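This report goes through one protein model, from selected contacts between charged side chains to its overall dimensions. The sequence and the structure come first.

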Amino acid sequence: MELPESTLKKIKILKEKYASIGQDLDSYLDGLIYANPLTYWDYIEVDALLSLQKPKTDFPDEKIFIVYHQITELYFSLISHEIEQICKNGKNISEHGEDLGWNSSLDLAFFIERLKRVNKYFEALTNSFDIMRFGMEKEQFTKFRMSLLSASGFQTASYRYIEIACTDLKYLVFEDQRESLFDSDIHTQLDNIYWRRGAIVEDTGEKTLTLRDFENKYLEDFHEFADKYQPINLWKKYKALDANDQKNEQLVKELRELDVNVNINWPLVHFRTAARYLATGKGDEKGTGGTNWQKYLPPHFQRRIFYPELWSEQEREEWGKHWVDAVFADHLKKENHLPK
Ligand code: HEM
């Protein structure tokens, strides 16, 4: 049987490919002869994926709570995947699928396209959060959550990694220390990152168990990650562009959108959800992580801004304020708890 020219060409390329790594093409062709065709369920690991939901109670709605958290983790992983490619300047893949390593200079179009993807993922998360907000019976939620102490979404490490890769740590320091630690080294800034002050027992000033567990598991990793990513974070990448590229409208738009997505829109829809389940109007329920969530979660109180230089003074001043006021008024009105 005659083989077409295109097939012979591919065999030649394969031969060269395997020779370059000291391997024999014939053995790999044998492997192809014996291998089974791929199936959807093996490739997607469906059985493994669907075996990962292990509720702690018999309340049916707990499954929704677990699955939605897992979906969020997968989106966060996609977001980190895109951010890593920008930070490392984009990976070159040859037309034969070979990994040719990282580019040395950042392509503006690549920067913008990857930011667009990140924003799409965040929008998908923000838009789907109603699955949490309205998708569970409050009665069930308030019961099964008591079996989950002291675990909390507060302990989402993937969210913290994304923040560290997005901007300089000086912008993530707890607000009232931000100015005084502005020029400190990154490890001092990380030691004073906003969330380490967030999970403190108000009466005693001690760290909550949720925070202690989280720090024990991840703090060292966060420091290592900061060493690696602070010099190449998204803001550093932006500032390293030439002056003309920094003025690119699309790029600035995507960076501003990212700032709003991570620091206003997602926190706000999340806060709204916490309000639906935990606000009572008289001595609200604590979160499972034990924070004073009414003060800790609203974007306006934290005023985390990744890219302050891209906003006017007034925009920074009013960061998330308008929305938070609206949420509180709306929620309390509905629940008939409007403050006198
Ligand atoms: C009914 C649904 C939810 C409620 C009532 C809720 C409630 C809370 C509360 C009260 C906190 C503050 C810490 C604490 O005291 O526990 C918190 C923090 C947090 N939660 Fe949730 N949450 C919900 C769903 C989610 C989901 C689906 C995720 C996705 C992973 C998530 C991720 C986070 C993160 C990242 C924080 C830390 C926020 C920060 O440090 O600014 N939460 N949550």
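## A link between distant segments

Lys 239 has a relative accessibility of 39% and therefore counts as partly exposed, a class that runs between the 20% limit for buried residues and the 50% limit for exposed ones. As the model is a predicted one, this value, like those that follow, describes computed coordinates. Lys 239 takes part in a salt bridge with Glu 309, in which the closest N and O atoms lie 2.9 Å apart. This pair connects distant parts of the chain, 70 residues apart: Lys 239 belongs to helix H14 (residues 234-239), whereas Glu 309 sits in the loop between helix H18 (299-302) and helix H19 (313-317).

## A network of salt bridges

Elsewhere, salt bridges that share partners join Asp 191, Arg 196, Lys 207 and Glu 215 into one network. Within this network, the side chains of Asp 191 and Arg 196 meet in a salt bridge with an N to O distance of 3.1 Å, and Lys 207 forms a salt bridge with Glu 215 whose closest N and O atoms are 2.8 Å apart.

The members of the network fall into two classes of accessibility. Asp 191, at 36% relative accessibility, is partly exposed, and Lys 207, at 32%, is partly exposed as well. Arg 196, by contrast, counts as buried because its relative accessibility is 14%, and Glu 215 is buried with a relative accessible area of 10%. A search of the whole structure returns 19 salt bridges.

## Helix H13 and its charged surface

Helix H13 spans residues 209-229 and contains Glu 220; Leu 219 lies in helix H13 too. Are these two sequence neighbours buried or exposed? Leu 219 is buried, its relative accessible area being 13%, whereas Glu 220 is exposed, with a relative accessible area of 63%.

Glu 220 also belongs to a surface patch of negative charge, where it gathers with Asp 221, Glu 224 and Asp 227. For the separation between this helix and the residue discussed at the start, Leu 219 offers a reference point: Leu 219 and Lys 239 are 20 residues apart in sequence, and their C-alpha atoms are 28 Å apart in space.

## A nonpolar surface patch

A second patch on the surface is nonpolar in character and consists of Leu 38, Tyr 40, Trp 41, Tyr 43 and Ile 44, which together present about 670 Å² of accessible area. Trp 41, one of these residues, is found in helix H3 (residues 40-44), and this side chain's residue counts as exposed because its relative accessibility is 54%, over the 50% limit for that class.

## The iron site

Which protein atom serves as donor to the iron atom of the ligand? The single donor from the protein is NE2 of His 270, which lies 2.1 Å away from the iron. His 270 is found in helix H16, which covers residues 249-278.

## The chain as a whole

The secondary structure of the protein chain comprises 20 helices and two strands. Taken along the principal axes, the C-alpha atoms fill a box of roughly 90 × 55 × 35 Å. The chain has 340 residues, of which 41% are buried, the class to which Leu 219, Arg 196 and Glu 215 belong.

Technical notes
Residues numbered from 1 in each chain as written. Predicted model: local features only at pLDDT ≥ 70, side-chain atom pairs only at ≥ 80, totals over all residues. Heavy atoms only, no water. Patch = residues over 30% accessible without salt bridge, like charges linked within 9 Å, V, L, I, M, F, W, Y side chains within 5 Å. Areas by Shrake-Rupley, 256 points an atom, 1.4 Å probe, with all protein chains shown as cover. Salt bridge = Lys/Arg side-chain N within 4 Å of Asp/Glu carboxyl O. Lys, Arg positive; Asp, Glu negative; His and termini not counted. Charge placed at Lys NZ, Arg CZ, Asp CG, Glu CD. Helix = DSSP H or I, 4+ residues; strand = E, 2+ residues; numbered from the N terminus. Buried < 20%, exposed > 50% of the residue type's maximum accessible area, 1.4 Å probe, protein only. Donors = N, O, S within 2.8 Å, 3.2 Å for Na, K, Ca; no water.
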